[in-house]
Each structure stands twice: as C-alpha cells, then as structure tokens.
Amino acid sequence: MKTIIEPFKIKTVEPIKPTTKEERQKILKKAHYNLFNVSAEDVLIDLLTDSGTSAMSAKQWAGLLDGDEAYAGSRSFFRFENTIRKITGFKHIIPTHQGRASERIIFSVVADKESMIPNNTHFDTTRANIEYTGAKAFDMVIKEGTEPETIHPFKGNMDIKKLEQFLKEYAPARVPLAMITVTNNSNGGQPVSMENIKETKALCKKYNTPLFIDACRFAENAYFIKMREKGYSDKTALQIAQEMFSYADGATMSLKKDAFANIGGFLALNDDDTAEKARNLLILTEGFVTYGGLAGRDLEAIAIGLEEILNEDYLKYRIRTIEYFAEKLVKIGIPILQPAGGHAIYINAAKFLSHIPKAEFPGHTLACALYEEGGVRSCEIGSVMFAENAKMELVRLAIPRRVYTQSHIDYTIEVLEEIYRKKEALRGMKITWQPKALRHFTAHFSYV
Ligand code: F0G
C-alpha cells in the first residue's frame, strides 16, 4: 500500500471547539494581536509548538500510575537513567524539569563572561542561558541552511570551516564546550548528518573542546540519517542514535519533544567534575539528583516515551506527515523552507507577503491571518522574535506528535490556500507596546 497511515489507533479523545471568523476577530483584538495571549480553548488546531504537546500512549499513562514517588533512589529514576544511558552511553544522567533547566545548569557551571559557545544554530533559550552567564553564543550553520529554497539533505549541518577558524582562534581557553543541535530547530528542523557530527567531533578533539549535543529531536534526526545518508539504511534508529551520541561528551535534552512527554529534560555527560558541580546546582534549584524537577510518574512516562520514539513505523509516519504537508503547500505555490524538516513547516512569510516590508512584520501578519481565517495557531520566527538579528521572516507550524490526523493537516492546507488567494489584501502590523526582553511572548500589536 502506498498510504502511510498513523501507526496507532485512538483511545482517548479531547474535543476541539470551532469558532466563527467574527468570534476570532474579536478574540484576536482582545489578545492585542498576540497569539500567545489567546486561550488554547479558542484555538481549533494548535501548531504553536511540538513541545510538551504530544499524545502519550496507553503504556505511558499506565506508567504514570506505576511511577515511584520516592524522594531518593526512585525505581522510576533508575528506569529513566537506564533508558537514557542505553541510547546515549553517557556516564552521568541528570534529570531536569525541561531543556532550558539543563542549559542553565551546564552553562552556569562551565561558562563565564569570557566564554564563547559555537553551535550550528542555538535555540533561543540556549542562547539566552549562555548570554545570561555573560558569555557569547555563535551560530555556524552551513550557508545552504540559511537559504530557504536550496535543497540539501542536511541543511542543519555545522559549517566545519567556520568552526575550525573559530576554534583555532579561541579554543580551548575561551570555548568551554561546542554544541550541535539535532535537528536544527531554529533553521527549520533540518537534520545534521552523521558525517558532520563526526567532523565536528574531530575538530573539537583537535582543539581540546568538549562537544555537547542539543538532543531535543534526536530520533527524528536519526531517521533522516537512515533515509538520506549512505551506509545507514540497514541500521536501526537506535543504533544510529547511539552512534550520534558516541561522538559527544555530553548532551542536553528537552524531553518535551522526542520523548512524547509533557514535561522533562536531562543533562548527560561523562566528565565527573562537571557532573558534580551540575548536581550541586541541581539540588539548589531543581531537586534531588534522582528526580530533578520531575515527579516519579514523569520519569516513568519519559522512559517509556524514549523507547516508543525509536519505533521506525512511528518515525516513518512522522517524517512523512511533515513531507506530505510540505508537498501540498509547494504545489499550491506557497513558499516554504525546503526540504521539509522533522517537526514543522516553516513558511517564508517575506516571500508569501512580499508586499509587506520587514518592518511591518510579514510573519506576524501571516500568523494572525491563519488564526483569523481558520483558528490555526502558529508562531512567528522572524523580526518580532529576533528584532534586527532576524535572518528570515518565518512562520512555524509545528506538529505535535500523535495528536492530529491527516484531515487536520488537510484542513490547515485549505486555510493557507485561502489566505494565499487573497494575500494582497493583508496589511502589515506594528508594535504598540513591548517589554524589555523576549517581546514576542507579550508584545501588543495593531494593523498599520
Ligand atoms: N533546544 C531546542 C532545539 C529546542 O527546540 C527547545 C525548545 C529547547 C532547547 C528548550 O527546551 O522548552 O524544554 O526548555 N523548543 C520549544 C519549541 C519551546 O517550541 O521549539 P524546553
């Protein structure tokens, strides 16, 4: 059969509430045209993020009941630890309440105002946690990764030449670690090849710099390697993931993505001294070393989720869902980042709304139009989020794992097609109020 179906059936359902366009216009106005201010109840299809929004399996729900809530040495922690160790091979596995807590801890331990941290592309919380220590964060994705329509199998790759120059100049004195983010969320959920991870590791080794993986979407990355990189088609996703981690000295991960969990994270590493300092900080602000900021039941559900995510029927369906969505949009003529990444569609809003200048936030305009037209919530990743540092004007439609069916995707495509048909009528927007930092979460807007 050529149709790739959802490899699960639905046992529990959660109704979603349709609203009329007039209602949504009022809701948007009340929210000062900021989709973060809209109640989730008023959203029909919520593609704001794939983080913490997954549907858990029956086994995970059963695991919640079976979770061991002991303060110290919980059975669920050992299951969590063993599962992560099996996948990553790291010596120290430290639970945290989510990815950014792992980032805060590791950078508080290793970085100071002299430090410089390279990455293919830092996610915004990673960059913020680095900068909070006074250190500087540098993005070094390959050139193709910054070109929306250039087809390349691994657009998330690190620019090896740039990294070498950087390390030659500053490492190891000013570079306590280098990072590589798989998949590369901030440049479209694009994968990183094994060869690139290997080359990055070789350079880090040459310049005496530990390499850490930001592993949020490691399973999606492993499946892209299986599909696209020579020599991996016969390997399992688990074997590929294990090889990826074998080149690293540590990892941070938000378990809200590729662990099907609604909360959770970890920091994993091999170095004893750094691990001890990290655990001391963990106890101070997250919790004891065998639970981090999590309940025993969370640890249990995460361990189960990490086993399920490496199921290749699931990964095949997951990657195909995003590809299907992308193919249909391209056919209509809607400009998107190509090829499709692992967890989201990124619309090139600068091109979609070419009549709206960057200063009038074409991405934000499109995100509001998507909500107004069809009740679909997305997220601007452009000049609202990054101000003058924005390299592209994108709108991300992130797909929660195992939550929406093909007809939800087809509906969203129809909404986009309708907006595309009448795009000339859309007007740009302006900010009427903004906070000092992270303005995209709370700023107020109006139409120009
Ligand atoms: N690293 C990457 C690559 C991420 O995508 C995220 C979160 C984090 C770190 C931080 O993890 O949220 O658990 O603290 N990304 C979410 C998103 C928020 O919508 O892409 P967290």
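In the predicted model, helix α6, formed by residues 160-170, packs against helix α7, formed by residues 194-206. The two axes lie 10 Å apart and enclose an angle of about 15 degrees. Because angles under 35 degrees count as roughly parallel, α6 is described as roughly parallel to α7. The crossing of α6 past α7 is right-handed. On the α6 side, the contact is made by Ile160, Leu163, Glu164 and Leu167. These residues meet Asn196, Glu199, Thr200, Leu203, Cys204 and Lys206 of α7. Sorted by class, the contact comprises 5 nonpolar, 2 polar and 3 charged residues.

The loop that lies between α6 and β5 (178-181) contains Pro172. The peptide bond leading from Ala171 into Pro172 is cis, and its omega is near -5 degrees. A second cis peptide bond joins Gln338 to Pro339, with omega near -10 degrees. Pro339 is likewise a loop residue, placed between α12 (312-332) and β9 (344-348). Most peptide bonds are trans, and most residues other than glycine have a negative phi.

The backbone at Tyr33 and Phe361 is notable for the sign of phi. Tyr33 is not a glycine, yet its phi is positive, at about 55 degrees. This residue is located in the loop between α1 (21-30) and β1 (45-46). Tyr33 counts as buried because its relative accessibility is 14%, where the cut-off for burial is under 20%. Phe361, also not a glycine, has a positive phi of about 50 degrees. Its position is in the loop that separates α13 (349-352) from α14 (362-374). With a relative accessibility of 8%, Phe361 is therefore classed as buried.

Helix α4 spans residues 99-110 and thus consists of 12 residues. The distance from its first C-alpha to its last is 17 Å, which is close to the 16 Å expected at 1.5 Å a residue. The buried residues of this helix are Gly99, Ala101, Ser102, Glu103, Ile105, Ile106 and Phe107.

Burial was also examined at Phe80 and Ser74. Phe80 belongs to helix α3, which covers residues 75-88. The relative accessible area of Phe80 is 0%, so this residue is buried. When neighbours within four places in sequence are set aside, Phe80 is in contact with Ile93, Pro95, Leu255, Gly265, Phe266, Leu299, Ile302 and Ala303. One of these partners, Phe266, is 186 residues away from Phe80 along the chain. The C-alpha atoms of Phe80 and Phe266 are nevertheless separated by 9.9 Å.

Ser74 is found in the loop between α2 (58-66) and α3. This serine counts as buried because its relative accessibility is 2%. Residues up to four places away in sequence being excluded, Ser74 touches Asp68 and Thr290.

Terms used. Residues numbered from 1 in each chain as written. Predicted model: local features only at pLDDT ≥ 70, side-chain atom pairs only at ≥ 80, totals over all residues. Heavy atoms only, no water. Axes fitted to C-alpha atoms, helices over the stretch in contact; angles between N-to-C directions. Helix = DSSP H or I, 4+ residues; strand = E, 2+ residues; numbered from the N terminus. Parallel < 35°, antiparallel > 145°, perpendicular 65-115°, else oblique. Left-handed = near helix turned anticlockwise from the far one by under 90°. Contact = heavy atoms within 4.5 Å. Nonpolar A, V, L, I, M, F, W, Y, C, P; charged D, E, K, R; others polar. Expected span 1.5 Å × (residues − 1). Buried < 20%, exposed > 50% of the residue type's maximum accessible area, 1.4 Å probe, protein only.
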